[in-house]
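Biologist: I'm new to this one. Could you walk me through it?

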Amino acid sequence: GTSQGIPVIGCTCKTCTSDDPRDTRLRCSALVRDEDHCVVIDVGPDFRAQALAQSMDRLDAVFLTHEHNDHIMGLDDLRPMIFKFMKPMKIYGEPRVLDDIKTRFSYAFEKHSYPGAPSFDLCPIHPGDVLHIGSIKVEAIRVHHGPLPILGFVIQDQIAYLTDTKEIPEQSVNRIKDIPVLILDMLRKKHHHSHNTFDEAVAHSEMIGAAKTYFIHLSHMMGPTKEWEQLLSPDIFPSFDGLSIEI
């Protein structure tokens, strides 16, 4: 779901009142795990519910695409993992994003913080950086959220995760050309200054040539899933909360 989630508070549109479970959407986050390690991409305000739904019992690192509320406001809910493993949580993001976290979560960085405060190990990354969390390989690439430069991530050279995307630089397109799985932002059908429309998302998918594409960050203005999924080609799919992809 997009920043407001679906249903939107107080809205009675067809999407927000749909009985299709695919039309109930929490804010975007992705969990990547193998037998020994677990990382997440973005921790929005719904992170606690998402972690419980996936029976997450460990977390080794967090990767942030950018600093908007719907992608970072769940950072305080990392505390159970921090307390369980008795060490600060590694947070990977661009320097600008990490500076923003120090401001918004200032209580976590006080010299004498209260005992229940979270603790973070802030790790600056840049486009082109490759990190290994155990056997999980994560590569940062550049995309643009309107005028804001943000990060996309390539997982195990198999999945490209591009949320909040409006433009994809040529270098990034070349990096993920023909990738097996593309997870891509698609907000609504009408123009938006910083998110892909339906047509723009389809065009990006075709340009990249992924074997499979899954659309994320959908708003209620897209309409109920069953009304537009038939417009997609056989290799493009609407995502839904709890979607699991094995690689």
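**Cysteines, rings and cores**

Modeller: Sure, starting with the cysteines: the structure holds zero disulfides, a disulfide being a pair of cysteine sulfur atoms within 2.5 Å. This is a predicted model, where local features need pLDDT of at least 70, side-chain atom pairs count only at pLDDT 80 or more, and totals for chains, interfaces and linings use all residues. Residues are numbered from 1 along each chain as its sequence is written, and side-chain values use heavy atoms, with hydrogens and water left out.

Biologist: Why is there no bond for Cys-11?

Modeller: Because its closest cysteine sulfur, in Cys-13, is 3.5 Å away, which is too far for a bond.

Biologist: And are Cys-11 and Cys-13 buried or exposed?

Modeller: In between. Cys-11 is partly exposed at 22% relative accessibility, and Cys-13 is partly exposed too, at 25%. For the cut-offs, buried means under 20% relative accessible area, exposed means over 50%, and partly exposed is in between (1.4 Å probe, protein chains only).

Biologist: Switching to rings, how many aromatic pairs are there?

Modeller: Seven. Rings of Phe, Tyr and Trp (its six-membered ring) pair if their centres lie within 6.5 Å; planes under 30 degrees apart count as stacked, over 60 as edge-to-face and the rest as tilted. One of the pairs is Tyr-107 with Tyr-114, which is stacked because the centres are 6.4 Å apart and the planes are at 25°. Tyr-107 is partly exposed at 23%, and Tyr-114 is partly exposed at 44%.

Biologist: What about Phe-198 and Trp-228?

Modeller: Those two make an edge-to-face pair, 6.4 Å centre to centre with 80° between the planes. The pair links distant parts of the chain, 30 residues apart: Phe-198 sits in helix 6 (residues 198-208) and Trp-228 in helix 7 (residues 225-228). Helices (H or I, at least four residues) and strands (E, at least two) are DSSP runs, numbered from the N terminus. Both Phe-198 and Trp-228 are buried.

Biologist: Which residues form an aromatic cluster?

Modeller: Phe-63, Tyr-92 and Phe-153 form one.

Biologist: OK, backbone now. Where is the cis peptide bond?

Modeller: From Ile-6 to Pro-7, with omega near 5°. Pro-7 lies in the segment before strand 1 (30-33).

Biologist: What is phi for Ser-55 and Asp-164?

Modeller: Ser-55 has a positive phi near 50° without being a glycine, and Asp-164, also not a glycine, has a positive phi of about 55°. Ser-55 is in the loop between helix 1 (47-53) and strand 3 (61-63), while Asp-164 is in the loop between strand 9 (159-162) and helix 5 (170-176).

Biologist: Follow-up: is Ser-55 buried or exposed, and is Asp-164 buried or exposed?

Modeller: Ser-55 is exposed at 57%, whereas Asp-164 is buried at 1%.

Biologist: How many residues are in the largest nonpolar core?

Modeller: It has 25 residues, and among those with the most contacts inside it are Leu-162, Ile-176 and Phe-215. A nonpolar core is a set of buried Ala, Val, Leu, Ile, Met, Phe, Trp, Tyr and Cys residues joined through side-chain atoms within 4.5 Å.

Biologist: Which element gives the most to this core?

Modeller: Helix 6, with four residues.

Biologist: And what is Leu-162 in contact with?

Modeller: Leaving aside neighbours within four places in sequence, the contacts (heavy atoms within 4.5 Å) of Leu-162 include Ile-141, Phe-153, Ile-176 and Leu-182. There's also a second, separate core of 24 residues, which includes Ile-41, Phe-153, Ile-159 and Tyr-214.
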